[in-house]
Amino acid sequence: MQLRSPFLPVTATSRRDLVERLVQLVVGLFLYGVALGFMVRGGIGVAPWDVLALGVAEQFGLGYGLVTVLVSIVVLLLWIPLRQRVGVGTVANALLIGPAADLTLVLVPAPPSVWIGAPLFVLGLVLLAFATGLYIAADFGPGPRDGLMTGLVARTGWRVWIVRTLIEGSVLVIGFLLGGPVGVGTVLFAFGVGPLVGLFLPWATRLRTARSQQLARATPRE
């Protein structure tokens, strides 16, 4: 019996394609962290996973970015019984987003009023959707949380929306009980992130696919 590798293979149409996609991955994940920082600074509530991260940070006196990394590592451990395969993008997602969010929180002060905080949250939400399109279109594997969802769907046979709702609902409740901020921003995220990602992801994927095909044609065959 041949054992399947726990790692996703890295494929590319050319060396240039690989480099460009790696840059796209890193830029997308960095912007994702910046977006999280904007939404936290908005002060009107955050996404369910960030409610959990901020709740844990509050209880244990840790930095938000560090907790984000630690939560990602814990989620990756949950992949083991689900037999999910880890990609370069999976590891990069777990390690880069938290520090980028912390850097943003250092550079961006808390707004003086909700009239500035609310637009800052919306800017973060739009930027997060754009960043999601970038890093997913780079095609280096799913992030820890997305992989947990797809792994549970594969193992349970339940519908995606049921698994996603159970996961998001569970972390939201736990985060709220730990003192994480729940507000109108949490609702905006729940109803807004899907349509926004649905707008940016196909666009980013089309551009990346076209560019990879262009590089494949330009690369001389050996």
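Across the whole of this structure, a search finds three aromatic pairs, and since the model is a predicted one, each stop on this tour describes computed geometry.

Begin by selecting Tyr32 and Tyr135, which form an edge-to-face aromatic pair with 6.1 Å from centre to centre and 80° between the planes. Tyr32 lies in helix H1 and Tyr135 in helix H5, so that the pair links distant parts of the chain, 103 residues apart. Buried or exposed, what are Tyr32 and Tyr135? Both of these tyrosines are buried.

Next select Phe130 and Phe200, whose ring centres are 5.6 Å apart and whose planes stand at 80°, so this pair is also edge-to-face. Here too distant parts of the chain are linked, with Phe130 in helix H5, Phe200 in helix H8, and the two positions 70 residues apart. Colour this pair by accessibility: Phe130, at 25% relative accessibility, counts as partly exposed, whereas Phe200, at 17%, counts as buried because the cut-off for that class is under 20%. Now add Trp203 to the selection, and you have a cluster of Phe130, Phe200 and Trp203 that is linked by ring pairs.

From the rings, move to the largest nonpolar core, which has 53 residues. Which of its residues touch the most other members? They are Leu36, Tyr64, Leu128 and Phe189, and showing these four as spheres is a convenient way into the core. The elements that give two or more residues to this core are H1 (15-42), H2, H3, H4 (88-107), H5 (114-137), H6 (144-156), H7 (160-177) and H8 (184-218). Helix H1 supplies the largest share, nine residues.

Centre the view on Phe189 and display its surroundings. Apart from neighbours within four places in sequence, Phe189 is in contact with Met39, Ala47, Pro48, Phe121, Leu125 and Leu128; of these, Leu128 is itself one of the four residues that touch the most other core members.

For the last stop, select helix H2 (residues 48-60) together with helix H3 (residues 64-82), whose axes come within 9 Å and cross at roughly 115°. The crossing is right-handed. On the H2 side the contact is made by Trp49, Asp50, Ala53, Leu54, Val56 and Ala57, and on the H3 side by Tyr64, Val67, Thr68, Val71 and Val75. Sorted by class, this contact has nine nonpolar residues, one polar residue and one charged residue. Tyr64, which takes part in the contact from H3, is also among the four residues that touch the most other members of the largest nonpolar core.

Notes:
Residues are numbered from 1 along each chain as its sequence is written. This is a predicted model: local features need pLDDT of at least 70, side-chain atom pairs count only at pLDDT 80 or more; totals for chains, interfaces and linings use all residues. Side-chain values use heavy atoms; hydrogens and water are left out. Axes are lines fitted to C-alpha atoms, for helices over the stretch in contact, and angles run from 0 to 180 degrees between N-to-C directions. Helices (H or I, at least four residues) and strands (E, at least two) are DSSP runs, numbered from the N terminus. A crossing is left-handed if the near helix is turned anticlockwise from the far one by less than a right angle, and right-handed if clockwise. Contact means heavy atoms within 4.5 Å. Ala, Val, Leu, Ile, Met, Phe, Trp, Tyr, Cys and Pro count as nonpolar, Asp, Glu, Lys and Arg as charged, and the others, Gly among them, as polar. A nonpolar core is a set of buried Ala, Val, Leu, Ile, Met, Phe, Trp, Tyr and Cys residues joined through side-chain atoms within 4.5 Å. Buried means under 20% relative accessible area, exposed over 50%, partly exposed in between (1.4 Å probe, protein chains only). Rings of Phe, Tyr and Trp (its six-membered ring) pair if their centres lie within 6.5 Å; planes under 30 degrees apart count as stacked, over 60 as edge-to-face and the rest as tilted.
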